[in-house]
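Biologist: Thanks for sitting down with me. Could we go through this one together, with the reasons behind each label?

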Amino acid sequence: MTQRLLIAAWTVALAAAAASLALVLSSNHEDDPAARAALIVGLGLIFVGCGLVATVRRPENRIGVLMAIVGFFWFLSSLAEANSATVYTVGTALSLLVYGAFAQLILSFPNGQLETPMARAIVVLAYFDVTVVQWAYMLTRDHIGNANRPCAECPDNLLAVTQQHWAGEAFISLQRGIGLALLWAAFAVLYRRFRNATPAARRSLAPVVITSTVTLVLIAAMLLAAWISAQATHTINWFVLVSFGTVPLAFLVGLLRIRLQRAGILRMIVESPDELSLGEAERGLREALDDPTLRLGYWLDEMHGYVNVRGKPFVIPEDTPTRVTTKVNYNDKPIAALLHDRALLEDPDMLEEVVGVVRMGLEKDRGERALRATEIRNRALLDAMPDLIFRISTDGRYLDYRAPSEYDLLVTEVIGRTVWQRLPEELAERIMAAGRRAVEERKVETLEYQLGFGEGMRDYEGRIAASGEDEFLLIVRNITERKLKDQELQASRARIVAAGDEERRRLERNLHDGAQQRLVSLSLSLRLAQTQLQKNPEVAEQLLDSAREELSQALEELRELARGIHPAILTDRGLDAALEALASRVPLPVEIERSETSLPPPVEAAAYYVVSESLANVAKYAQASFVRVKVAQLNGAAYVEVSDDGVGGADPAQGSGLRGLADRVGALNGTLEVESRPGEGTTIRAEIPLGVG
Amino acid sequence: MRVLIVDDHPSFRASARKLLESEGYDVVGEAADGAGALEAAEQLHPDVVLLDVQLPDLDGFEVAKRLAASDNAPEVILTSSRDSVDYGKCVGECGARGFVPKGELSGALLTTLLG
């Protein structure tokens, strides 16, 4: 509604009020002109005024227009005070319209819509009752006063065509009966709406519902009284009129409440400008809006989402009939989200105020809030770390510490002590030197050290970073286990290298002592045969015979050597054939139990060597009569087992063969087990994961 | 020419003996290790010792040095199934007269080296 239209409406209202005043005061059939004039003018202006204010504040809400209409109908009802029969007749015909409009007003509160068929039916019937039934009544009765009371002084009712008493009684009773039924129905609608409302909605409904209900009850009382006593009707009518006036006032109270709440929120922000935490803001908003379920979410850029007051992610739920989320933006960037009662939506001014206040309050402390969120995250990070953390001043005093357990504390008393009191002197000096460097040069220092505890030495890694002008953080991690593993790994690597060297030495010696010697002899025999060929052909033939013998032995020795370097059969024919070949060279029965497997080459080679070395050991030491070889694939690992029924007593710590096997299997993250109690045979088991290599 | 053959491999000793004898050398003895070689040399006074480098006890260079230091030191010809370059300067510094790869041994080569 434009401002000009508003001014025009108000001007019309004032004119109507003046006309009403003139009509009432000049009326020759009004018992109490002053009081009635005051009431009609007052009610009319209150309704129109409140209606216009409401329209300004919520242009899209028809409540304001409805209130203004009620006000104008009040002025219209004053026409019945006119002394002119024509004007009086028109006024009386329209005098009850205000009740219909009133019914529409209270049933469409607060959003200006008649939402249920029931409410719509009530309003339609109410208008029917105050118009058609009223006019029917006027056809049958003359001299009708205020509230349809008998009025002997009133001008002639120009509509009255008959004076049938029973007909008039019938219509007036019909009108009252319909009125009472509608009042009851309207009361029921209001009650149900109030009962189903959320607490916040109830708060905004309450003033209007209460004053409307009082008015409805008084109207009902007036209608009932009309059957009994005209005087009682007259008296109650005054109360009804006064009660009417409270309804728009209740509406004003609602408006005022918004201002009070806004003041409350502002006070909350202003009174704690520095300490207002998100939690406090949420509590303050809950209190100010009387919505205990309100939730405040705060936007964090680095998380690309909202966090709640405890710093946990705040996921915006789907809107429901009672709960909705309002996002608060600033310069098109999200700041916060409010999960609140839907009633707040019906109060757009209020919502806007709240959003404004939240925006202002949160934007103001944005930096601090981001800091706090960081703090919360940092704390969570600290809690998740298994490390010891000490805060130490540059003069060596412990300021604070955090230890997940006391296990790694050499001295359990920390705070107030100095590093020299808690640690060996040499270590204390190293830590202090690194700490001072960290503070001066602003970079992270690391050091490793050992501490002697009752059961032995433990290894630690310390990281030192400046945490202030004259203090640093020492973050300590127990790395004993890692060190042990490192050492074991290094030893294993060294053994693998040594085993490789040893293997090459053996090969060189075997070549030198075996095939090479044979070839040397062969060379000499051939040379000799050459010299004898002419003189002694028989000797030469003997020499060539022995040379052939040497040559075949040299070839055999070379084959044997080549097999030792790598079993060609494994590469060419696979593990099955290689195992069969191994078994065929062992001078005792070998049973091979083999399930379907598909092993990666390194695992296959390791499995082959486990079987090969084990069978060689069986042949050399076990004095067994039987060997069983089992190769299977189980739970993502190759499983190899070689068991015999021999003398047992094999010791994996003795002899490089088993040790070398363990290293080879270990290099593939596998394990090797030897079970060999004296007299109970020997079982060697290897498990090699397929994932490695 | 009296020759002492020192090698831990009997088959080489046998072949070498046949080969040298067929070319007119007089093989006066054989030894299988360094100690045996020194003892045999002292007893047999050979003119030439055909000395394998790799022996189970002392190595051929050591034996050659000791032989060179003895009275009536025999000429020493080192031999090996390895190449002389595998031994670097040892061959030249141990007092030996020369080196013969085992596969190339012959009386003629021996004569050339001694000549």
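Modeller: Gladly, and please keep in mind that this is a predicted model.

Biologist: Let's start with chain B: what percentage of the 115 residues in chain B is made up of buried residues?

Modeller: Buried residues account for 40% of chain B. A residue earns that label if 20 or more other C-beta atoms lie within 10 Å of its own.

Biologist: What pattern does chain B follow along the sequence?

Modeller: Chain B has 5 helices and 5 strands, and they come in the pattern β-α-β-α-β-α-β-α-β-α. Among its contacts between residues at least 6 apart in sequence, 58% join residues at least 24 apart.

Biologist: How many residues of chain B are in contact with chain A?

Modeller: On the chain B side 13 residues are in contact, and they meet 13 residues of chain A. The chain B side has 4 nonpolar, 7 polar and 2 charged residues.

Biologist: Over in chain A, why are helix 5 and helix 6 called roughly antiparallel?

Modeller: Helix 5 (residues 97-107) and helix 6 (residues 117-130) of chain A pack at an angle of about 170°. Angles over 145 degrees count as roughly antiparallel, so the label applies to this pair. Their axes are 8 Å apart. Residues making the contact include Leu97(A) and Ala103(A) of helix 5 and Ile122(A) and Val123(A) of helix 6. By class, this contact has 10 nonpolar, 2 polar and no charged residues.

Biologist: How do you know that the span of helix 20 of chain A agrees with its 22 residues?

Modeller: The expected span is 1.5 Å times one less than the number of residues. For helix 20 (residues 601-622) of chain A that comes to 32 Å, and the end C-alpha atoms are 30 Å apart, so the two agree. Just after helix 20, Gln623(A) takes a positive phi of about 50°.

Biologist: What makes strand 11 and strand 14 of chain A the edge strands?

Modeller: Each pairs on one side only. Their open sheet has 5 strands in the order 11-12-13-15-14, with mixed pairing. Helix 20 of chain A lies across strand 12, strand 13 and strand 15, running at about 10° to strand 13.

Biologist: And how do you know that strand 14 and strand 15 of chain A pair?

Modeller: Pairing takes at least two bridges; strand 14 and strand 15 of chain A are joined by 5 and run antiparallel. Leu672(A), for one, stands opposite Ala686(A) in strand 15.

Notes
Residues are numbered from 1 along each chain as its sequence is written. Chains are lettered from A and ligands numbered from 1 in the order in which they are written. This is a predicted model: local features need pLDDT of at least 70, side-chain atom pairs count only at pLDDT 80 or more; totals for chains, interfaces and linings use all residues. Helices (H or I, at least four residues) and strands (E, at least two) are DSSP runs, numbered from the N terminus. A residue is buried if 20 or more other C-beta atoms lie within 10 Å of its own, exposed if 12 or fewer, and partly exposed in between; C-beta atoms are placed from the backbone. Two residues are in contact if their C-beta atoms, placed from the backbone, lie within 7 Å. Ala, Val, Leu, Ile, Met, Phe, Trp, Tyr, Cys and Pro count as nonpolar, Asp, Glu, Lys and Arg as charged, and the others, Gly among them, as polar. Axes are lines fitted to C-alpha atoms, for helices over the stretch in contact, and angles run from 0 to 180 degrees between N-to-C directions. Angles under 35 degrees count as roughly parallel, over 145 as roughly antiparallel, 65 to 115 as roughly perpendicular and the rest as oblique.
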